[in-house]
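Please look over the sequence and the model before reading on. The paragraphs that follow begin with the chain as a whole and then move through its strands and one of its helices.

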Amino acid sequence: MTAVQSSIDAVRIAAVAADRMKAADIEAFDVSDLLAITDIMMVATAMNERQVIGVAEEVEKDVYLKCGHLSPRSREGVDEGQWVLLDYGDFIIHIMHQDAREYYRLERLWRDCPVVELPLEHPETTGDESADNGSDGDGAGEADE
């Protein structure tokens, strides 16, 4: 039970890091019943190849600094920038380019799995970063009813 909880705690740290780098569709799933290799899988979507790499680096840095110097035991897809898979054993972090998401075959595995709660604070930004290049909007139209 404590191993699963520590994995969930690490995935929450990863989710906050991904959110800080403006990743979207950040979700985590309990895949322990379907995949014997891991318990928790987090998926995040990025707008372009550079953002995929940036999110992966930020996640890896935060998990290392805040989870007792925990490093992934393997990294895949880092060179292409279409997706990055960080395998920590008990949990997996997958960051993918939004245009490649529909082609990712493992999605059918996690689609029906229980969702792990990832409370994200969405801190206020000052706009000093130049990351809003190519943005479609930040959901500001949700207030209209």
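Among contacts in the protein between residues at least 6 apart in sequence, 63% join residues at least 24 apart, where contact means heavy atoms within 4.5 Å. This is a predicted model, in which local features need pLDDT of at least 70 and side-chain atom pairs count only at pLDDT 80 or more, while totals for chains, interfaces and linings use all residues. Residues are numbered from 1 along each chain as its sequence is written, and side-chain values use heavy atoms, with hydrogens and water left out.

The protein has three helices and six strands, and along the sequence these follow the pattern α-β-β-α-β-β-β-α-β. Helices (H or I, at least four residues) and strands (E, at least two) are DSSP runs, numbered from the N terminus. Of the 145 residues, 39% count as buried, a word that stands for under 20% relative accessible area, with exposed meaning over 50% and partly exposed in between (1.4 Å probe, protein chains only). The protein exposes about 9200 Å², of which carbon and sulfur atoms supply 47%; accessible areas come from the Shrake-Rupley method with a 1.4 Å probe, and for residues only the protein chains shown count as cover.

The strands can be followed through their pairings, two strands being paired if DSSP finds at least two bridges between them. Strand E1 (residues 24-30) runs antiparallel to strand E2 (residues 40-46), and five bridges join them; within this pairing, Phe 29 has Met 41 in E2 as its bridge partner. E1 is also joined by two bridges to strand E6 (residues 115-116), again in the antiparallel sense, and here Ala 28 stands opposite Val 116.

Another set of pairings involves strand E4, which pairs with E3 in the antiparallel sense over three bridges and with strand E5 (residues 91-97), also antiparallel, over five bridges. Leu 85 appears in both pairings, since it is the bridge partner of Glu 76 and stands opposite His 94 in E5. E4 is mostly covered, with four of its five residues buried. In a regular strand the side chains alternate between the two faces of the sheet.The loop between strand E3 (74-76) and strand E4 (83-87) contains Gly 77. The hairpin of E3 and E4 has six residues between the strands, and in it Gly 77 takes a positive phi near 75 degrees. Gly 77 has a relative accessible area of 13%, so it is buried. Leaving out residues up to four places away in sequence, Gly 77 touches Trp 83 and Val 84. Gly 77 and Ile 53 are 24 residues apart in sequence, and their C-alpha atoms are 9.5 Å apart in space.

On the other side of the pairing, E4 and E5 form a hairpin with three residues between them, and Gly 89 in the turn has a positive phi of about 90 degrees. Asp 87 belongs to strand E4, and its side chain reaches the backbone nitrogen of Gly 89 at 2.8 Å. Such a polar contact is a pair of N or O atoms within 3.5 Å; within protein, one must be able to donate a hydrogen and the other to accept it, and residues adjacent in sequence count only if both atoms are side-chain atoms. Asp 87 counts as buried because its relative accessible area is 14%, and, apart from its neighbours within four places in sequence, it is in contact with Pro 72, Arg 73, Ser 74 and Ile 92.

The structure holds one aromatic pair. The ring centres of Tyr 88 and Phe 91 are 4.7 Å apart and the planes lie at 15 degrees, so the pair is stacked. Rings of Phe, Tyr and Trp (its six-membered ring) pair if their centres lie within 6.5 Å, and planes under 30 degrees apart count as stacked, over 60 as edge-to-face and the rest as tilted. Both Tyr 88 and Phe 91 are buried.

The walk ends at a helix. The 18 residues of H2 should span 26 Å at 1.5 Å a residue, and the end C-alpha atoms are 26 Å apart, which agrees; the expected span is 1.5 Å times one less than the number of residues. At the N-terminal end of H2, Asn 48 acts as a cap, with a side-chain oxygen 3.3 Å from the backbone nitrogen of Arg 50, and H2 is followed by Gly 68, whose phi is positive, near 65 degrees. The buried residues of H2 include Val 52, Val 55, Ala 56, Val 59 and Val 63. Asp 62, which also lies in helix H2 (residues 49-66), is buried because its relative accessible area is 4%. Not counting residues up to four places away in sequence, Asp 62 touches Ile 13, Ala 17, Arg 20 and Cys 67.
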